[in-house]
Amino acid sequence: DTPLRDLAAAKGKVIGTAVTGSKLTGTYGDLAGSQFGSLTPGNAMKWESVEPARGTFDWTEADQIVAFAQAHGQQVRGHTLVWHNQNPGWLTNGSWTSAQLATLLQDHISTEVGRYKGRIAAWDVVNEPFNEDGTYRTSLWYNGLGTDYIANALTWAHAADPAAKLYINDYNVEGVNAKSTALYNLVKSLKERGVPIDGVGLQAHLILGQVPSTLQQNIQRFADLGVDVAITELDVRMALPADSAKLAQQAADYKAVTAACVAVTRCVNLTVWGFADSDSWVEGTFPGYGAATPYDATYAPKPAYYAIAEALGGT
Ligand code: G3I
């Protein structure tokens, strides 16, 4: 079978997966290296991972993933610089003035983006800035710095690596809805203000049988705004146990998402959030749900794998 990364390349797309550095060996490493053209560190580049104590940095896993990607001719999507979650305790428990927060954030972005300058194709600069109704999520950053934290983060990231594509990434923004429209309006205003913004990430943590009918239309409206689109964290969870009917529906869902990306030129990357069911976040977060990825827990390809291949023009 032709690897997914080659099928995607023939369509002008890059297919990726989230990975854990310590697992990049054996079958997991073989599949990550051969099937995918892009890697996203699932946790390794988050602030709590890279600076667990103030001024004490640990780049071990992030470096390992970047080196693996370079050795396998893969892109890296950096994930993520500004988020309300997975920040180190010293940061979240501190009490900071606005000026201090701005300095902390600028230093964090300059340090991390600067370290990997030239080796990261795209950064999820800002992650999950919106509530479901399209209002801004309250967070350390929003509360301390107001909405300007977004434009400033993008500007600082661009200064540290002018070649990296800069994204805003969120979930439940796959279809046309209040949240994706808020993201649309934000991107439009950032572009009007000349703020460096290159793309939007649609995470796509989906539920079986619930691919939004407006997915392609939504991707297209962002493309028409003049930004790239990436499907950044695709998975399709189901109530366990899996059975053949559910796996067939899941295959149809993966196929629909892949086809929507293939249909829009500016949809440049489609990344799954872990490629095997044994390496997925879903079961830990949604008890009773799982089997969300294209490979099963023994690394055997599922119907979803073949559906992605088919939507990418494979047989
Ligand atoms: O590192 C500790 C380890 O020392 C400890 O033994 C273990 C025991 O629970 O926990 C480990 O930390 C876990 C971490 O993943 C690393 O494996 C955390 O408990 C766990 O909560 C954390 O979950 C991550 C989650 O983000 C946290 O929000 C998932 O792996 C990661 O896949 C997930 O990814 C997010 C994206 O970044 C943003 N979009 C949503 C997506 C899914 O939640």
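Which residues in α6 meet which residues in α8? In this predicted model, the α6 side of the contact is made by Leu 105, Gln 106, Ile 109, Ser 110, Val 113 and Gly 114. Facing them in α8 are Tyr 149, Ala 153, Trp 156, Ala 157 and Ala 160. By class, the residues of this contact divide into eight nonpolar, three polar and no charged.

The two helices can be found by their numbering: α6 covers residues 98-115, and α8 covers residues 148-160. Their axes come within 9 Å and cross at roughly 35°. The crossing of α6 past α8 is right-handed.

A second place to look is Glu 233. An unreviewed UniProt entry gives this position the feature "active site". Glu 233 belongs to strand β8, which runs over residues 228-239. Glu 233 counts as buried because it has 24 C-beta neighbours inside 10 Å, and the cut-off for buried is 20 or more. Setting aside neighbours within four places in sequence, Glu 233 is in contact with Ala 18, Gln 203, Ala 204, His 205, Thr 271 and Trp 273.

Glu 233 also leads to the ligand, since Glu 233 is one of the residues that surround it. The others in this shell are Gly 42, Asn 43, Asn 85, Gln 86, Asn 127, Gln 203 and Trp 281. Gln 203, listed here around the ligand, is also among the contacts of Glu 233. Sorted by class, the shell around the ligand holds one nonpolar, six polar and one charged residues.

Conventions
Residues numbered from 1 in each chain as written. Predicted model: local features only at pLDDT ≥ 70, side-chain atom pairs only at ≥ 80, totals over all residues. UniProt positions renumbered as here; feature names shortened; annotations may be inferred. Helix = DSSP H or I, 4+ residues; strand = E, 2+ residues; numbered from the N terminus. Buried ≥ 20, exposed ≤ 12 C-beta atoms within 10 Å, placed from the backbone. Contact = placed C-beta atoms within 7 Å. Near = placed C-beta within 6 Å. Nonpolar A, V, L, I, M, F, W, Y, C, P; charged D, E, K, R; others polar. Axes fitted to C-alpha atoms, helices over the stretch in contact; angles between N-to-C directions. Left-handed = near helix turned anticlockwise from the far one by under 90°.
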